[in-house]
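Student: Could we go through this structure together? I would like to understand the reasons behind the labels.

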Amino acid sequence: MPELPLDVLMDIFALLEIPDLIRAGSVCSFWHSAYSTLHNQLGQYKRLQTPCLLYASQSDGENVACLYSLAEKCVYKLTLPDPPIRSRHLIGSSHGWLVTADEKSELHLLNPITGQQIALPSAITIEQVEPILDNAGAVNKNKMWDLTPNDDPSEFSDCLYFRAFVFPVPPTGSYIVVIIHNPERYLSFARVGDYKWTPLPGQSYEQCIHMDGLLYAFTTTGGVYTFDLTGATITRNIIADKLQNDKTDGYTYFVQDPWGDLFQVSRRFKVTEELFIYTEKILLYEADMAAKKLVEVNGLHDHVLFLGHSQSQCLSAQAYPQLKKNCVYFTDDETYVSDYKNNRRDIGILNLENDSREEIVPQLWCNWPNPIWITPNLTRMNTNS
């Protein structure tokens, strides 16, 4: 059978999701050439990507991560660069990038699809972190202000970092990373290539999103603030001192819908007799920023929600036909997860119509690190900006 012309094959490949695209590229040298050309000309590859579940299992080795494709309902194995993925904490996931913390609390950006990894500024440049030196003057471990050092560095990573977010800088091809960290859930950011973390004013932050060129930061007490990270001087602007429903408990998220509006999500859970976290109900509230109030809404209708320690997403079920509309796909969102590495994970799909639950992957064994959603991305970051 004669081979298809390269441009025709590339047109076909452009219709595939990234996991299937990578598999197609390994069939033969000619197909790999089409894959490589498409990879290097990302403007031709605009296929919407369905989020995947990334996790690791002890049986697969220290450097292997599993990528479960919701679109194909199958698992891909990815060999990732050192440090071993099973020794890291997954602090966040946005735009196809993981933010990970190693056993020394150092942060890396990692694209599990391309294998590209970029070191972020050292933990000792965070304003509230104090390094502890050994006899040779090297950093032995770290401690936070007013807290004694932890004997286990991996537990310190778990205690120091609460959440991380990655936001693109379109003109440069680079990214900004924002971290929420303890002891009081402070906010710091760094551009890729910076040598230190820059602190932002305020504390008690819970989540961030990037919208209309601004960083929106939400506090545990319902405060909403914005920062313009492009200027020489960064100030905090108050949008609302309190934008919260009195009924809100459990985990709280702010999510931007496909039209650019904001809504708040309240994820309620119960604790079983075995001390497992179990999500049982999710409530939605439209955020009226002008009136500074929340209005409860009845379901997602033709949309799908992804929640967890990754960047929350609201997607159109019509654009992602493999997903179930009016459902929430969720993973664990506990802090200090290293305290229960071998516990059952709170992972599943919740139907908002009747609050019924179902498993995503039957008998999924993913004890460490904590599973996280990631949207595959072939883009390689420009580190020269």
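Tutor: Happy to! Let us start with a term: a contact means heavy atoms within 4.5 Å. With that in hand, and remembering that this is a predicted model, we can say that residues 24 or more positions apart account for 48% of the contacts in the protein chain with a separation of 6 or more.

Student: What does the secondary structure of the protein chain come to?

Tutor: The chain has 4 helices and 27 strands. Of its 385 residues, 50% count as buried.

Student: Why is aspartate 333 called buried?

Tutor: Buried means under 20% relative accessible area. Aspartate 333 has a value of 6%, so the label buried applies. You can find aspartate 333 in the loop between strand 24 (327-330) and strand 25 (348-351).

Student: Which residues does aspartate 333 touch?

Tutor: Leaving aside residues up to four places away in sequence, aspartate 333 touches Arg163, Tyr251, Tyr253, Arg267, Gly308 and His309.

Student: What makes the pairing of aspartate 333 with histidine 309 a polar contact?

Tutor: A polar contact needs a pair of N or O atoms within 3.5 Å, one able to donate a hydrogen and the other to accept it. The side chains of aspartate 333 and histidine 309 are joined at 2.6 Å, which is within that limit. Aspartate 333 also has a side-chain polar contact with arginine 163, at 3.0 Å.

Student: How do you know that aspartate 20 and arginine 23 form a salt bridge?

Tutor: The limit is 4 Å between a side-chain nitrogen of Lys or Arg and a carboxyl oxygen of Asp or Glu. For aspartate 20 and arginine 23, the closest N and O atoms are 2.5 Å apart, so the pair qualifies. Both residues lie in helix 2 (residues 18-25), 3 residues apart, which is about one turn of the helix.

Student: Why are aspartate 20 and arginine 23 called partly exposed?

Tutor: Partly exposed covers the range between buried, under 20%, and exposed, over 50%. Aspartate 20 has a relative accessible area of 21%, so it falls in that range. Arginine 23, at 42%, is therefore partly exposed too. Salt bridges that share partners join Asp20, Arg23 and Glu72 into one network.

Student: How many salt bridges does a search of the whole structure find?

Tutor: The search finds 12. Another one of them joins the side chains of aspartate 302 and lysine 325, at 3.6 Å from N to O. Aspartate 302 lies in the loop between strand 21 (293-297) and strand 22 (303-307), and lysine 325 in the loop between strand 23 (313-316) and strand 24, so the pair ties together parts that are 23 residues apart in sequence.

Student: Is lysine 325 buried or exposed?

Tutor: Exposed means over 50%, and lysine 325 has a relative accessible area of 51%, so exposed is the right word. Aspartate 302, at 44%, is partly exposed.

Student: What else should I look at around arginine 357?

Tutor: Arginine 357 meets aspartate 346 in a salt bridge of 3.1 Å, N to O. This pair links distant parts of the chain, with arginine 357 in strand 26 (residues 357-358) and aspartate 346 in the loop between strand 24 and strand 25, 11 residues apart. Aspartate 346 is buried at 2%, whereas arginine 357 is partly exposed at 28%. The charged end of arginine 357 also sits over the ring of tyrosine 278, 4.0 Å from its centre.

Student: What makes phenylalanine 165 and phenylalanine 167 a stacked pair?

Tutor: A search of the whole structure finds 8 aromatic pairs. In the pair of phenylalanine 165 and phenylalanine 167, the ring centres are 6.3 Å apart, and the limit for pairing is 6.5 Å. The angle between the planes is 0 degrees, and under 30 degrees counts as stacked. Both phenylalanines, 165 and 167, are buried.

Student: How do you know that cysteine 74 is in no disulfide?

Tutor: A disulfide needs two cysteine sulfur atoms within 2.5 Å. The structure holds 0 disulfides. For cysteine 74, the nearest cysteine sulfur, that of cysteine 52, is 8.8 Å away, so cysteine 74 does not meet the definition.

Methods:
Residues are numbered from 1 along each chain as its sequence is written. This is a predicted model: local features need pLDDT of at least 70, side-chain atom pairs count only at pLDDT 80 or more; totals for chains, interfaces and linings use all residues. Side-chain values use heavy atoms; hydrogens and water are left out. Rings of Phe, Tyr and Trp (its six-membered ring) pair if their centres lie within 6.5 Å; planes under 30 degrees apart count as stacked, over 60 as edge-to-face and the rest as tilted. Buried means under 20% relative accessible area, exposed over 50%, partly exposed in between (1.4 Å probe, protein chains only). A charge sits over a ring if NZ of Lys or CZ of Arg is within 6 Å of the ring centre and within 35 degrees of the ring normal. Helices (H or I, at least four residues) and strands (E, at least two) are DSSP runs, numbered from the N terminus.
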